[in-house]
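Student: Before we begin, I should like to understand how each description of this structure is justified. May I ask for the reasoning behind the terms as we proceed?

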Amino acid sequence: ASKIRESILEALSSSDNSYFSGQELADQAGCSRTAIWKHIEDLRSSGFMIESRRKKGYRLLGKTDELNENNLLVGLKTETLGRSVLFLESVESTQKIAHRLAQETAPEGTLVIAEEQVSGRGRMARSWHSPKGTGIWMSLLLRPSLPPQKAPQFTLIAAVAIVEAIKDKCDLDVDIKWPNDLLINGKKVTGILTELQADSEQIHSLIIGMGINVNQSAEDFSDDIREIATSLHIESDKTFSRAGIVQEILSNLEKYYAVYIKEGFEPIKEIWEKYAVTIGRQITARTLNKEIKGFASGITNEGVLKLIDETGETHLIYSADIE
Ligand code: BT5
C-alpha cells in the first residue's frame, strides 16, 4: 500500500500545478481508481493538500510541515541513507531506539525520527530540548568497518552535511563550533551526538544523533536556553519543510560518507575547516577533568582538536566544551 502512496506522491510532485487523472495515477501505480481515491483520502489526512476537480483530476497544492514516513521518502534521492525509516510521534530519545535497532539487524542507513522527544539527550548526560512539531530530531545508523577511534570524525562529517543542507534549503550561513555545535550568529541551531557500539578493534554500529531547531519561535525555547539557542525560522523569518531539510542532509551525508570511505578524512577536513569558527583563535577547552587555555591551531586527520598552550605545548583534545 505504501508503494501506491509513493507512486501517487511522486506523480503529483513531479510537475508544478498540473492535474493527473485518477486513471493516470492508477496506471502508474498499477492499481484501481478506487484504490487511488482511497489513498488520496489517506494522504489528505496526513497533511497533504490535494485538490480534486471534476474532469481534470488531482493536483498537489502543497504539504503541511507534518513529518511522516511518506513525505520523508517521496523525493528522497539517496540510495541507502534513510531508505529504511522509522517515524515516531513521541519518544524518549531517538538515540535510544536507534541503539536498540542497531543490536537487531537494522540495515545501514536506518533512520529513526520523531516529532517529539521527551528526554532528548546531549553529551555527558545533558538534555536536549525537543519540543513537538518544530524541529528535526533524528538518529542515523551507520555500520562502517572502521576502528572505534574513527567515530569522532563522523560528527564532523555530519556537521558539514548539515551546514550545506541549511545553506541550500534555507539560504542561511552556519558556523561549526568544534566538535558538535552548529551556530548561526553565535547561537546554537544544531547539536550532534555520535555514539557507538564497538569492541576494541571495530565499530559495530555508529549512531549519529542530530537535533536541528527549525520552525521554533523564541517563545518556544525554555528559559534556560532562550539566550543561547536559535532556529532556522528565527534567523530567516521563514517556515521550512522539515522533510525537505532531512532529505538534503541525507543526500549530503551519503555523498560525504562515500568520499570518506574512498579517500579518507582529508577532503572532508578541508571542507570542515572552511565552516569552522573554533580554529585560529584563543579558546578555553573544558574537558571532564581539566580546563586548558590556548590557541586552537587546527584539527588532526582524526578530527581531534589541537590546542597550543602558553608554554608552546600542543594538547590533543578529544572532547570538550569550547569557549
Ligand atoms: C548536543 O549536546 O548538542 C547534542 C544534541 C543531540 C540531539 C539529538 S536529537 C536526536 C538525537 N536524540 C537524542 O536524544 N539526542 C540526539 P551538547 O553539546 O552536550 O549540548 C547540550 C546543551 O545544548 C544543553 O546543555 C543546552 O545548553 C543546549 N540545548 C539543549 N537543547 C537545545 C536546543 N534545542 N537548541 C539549542 N541548544 C540546546
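Student: In this predicted model, which residues around the ligand come nearest?

Tutor: The ligand is surrounded by 28 residues, and Ser93, Gln117, Arg121, Lys188 and Asn213 come nearest. To be counted as near, a residue needs a heavy atom within 4 Å of the ligand.

Student: What makes the pairing of Ser93 with the ligand a polar contact?

Tutor: The cut-off for a pair of N or O atoms is 3.5 Å. An N or O atom in the side chain of Ser93 is 2.7 Å from an oxygen atom of the ligand, so the pair qualifies as a polar contact.

Student: How do you know that Thr94 and Gln117 also qualify?

Tutor: The same reasoning applies. For Thr94, a polar side-chain atom lies 3.1 Å from a nitrogen atom of the ligand. For Gln117, an N or O atom of the side chain is 2.8 Å from a nitrogen atom of the ligand. Both values are within 3.5 Å, so both pairs are polar contacts.

Student: How much of the ligand does the protein cover?

Tutor: On its own the ligand has 790 Å² of accessible area, of which the protein covers 92%.

Student: Why is the ligand said to sit in a pocket?

Tutor: The term requires that more than half of the atoms of a molecule lie within 2 Å of the grid points of the pocket. The ligand sits in the largest pocket, so it fulfils this condition there.

Student: Which elements give two or more residues to the shell around the ligand?

Tutor: They are the helix α5 (94–103) and the strands β5 (135–142), β8 (187–198) and β9 (203–213). By class, the shell residues comprise nine nonpolar, 14 polar and five charged.

Student: What makes β8 a paired strand?

Tutor: Pairing requires at least two bridges. Four bridges join β8 to β7 (residues 181–184), and nine join β8 to β9, so β8 pairs with both strands. Both pairings are antiparallel. Lys188 in β8 stands opposite Leu183, while Glu195 has Ile207 in β9 as its bridge partner.

Student: How many residues lie between the strands of each hairpin?

Tutor: Two residues lie between β7 and β8, and Asn185 in that turn has a positive phi of about 50 degrees. Between β8 and β9 there are four residues.

Student: Why are β13 and β14 described as standing at the edges?

Tutor: The open sheet has the order β13-β12-β11-β10-β14, with antiparallel pairing. β13 (314–317) and β14 (321–322) each have a single partner strand, so one side of each lacks a neighbour in the sheet.

Key:
Residues numbered from 1 in each chain as written. Predicted model: local features only at pLDDT ≥ 70, side-chain atom pairs only at ≥ 80, totals over all residues. Heavy atoms only, no water. Polar contact = N/O pair within 3.5 Å; in protein donor to acceptor, adjacent residues only side chain to side chain. Areas by Shrake-Rupley, 256 points an atom, 1.4 Å probe, with all protein chains shown as cover. 1 Å grid on protein atoms, 1.4 Å probe; cavity = no way out; pocket = protein on both sides within 12 Å on 5 of 7 lines; lining within 4 Å. Nonpolar A, V, L, I, M, F, W, Y, C, P; charged D, E, K, R; others polar.
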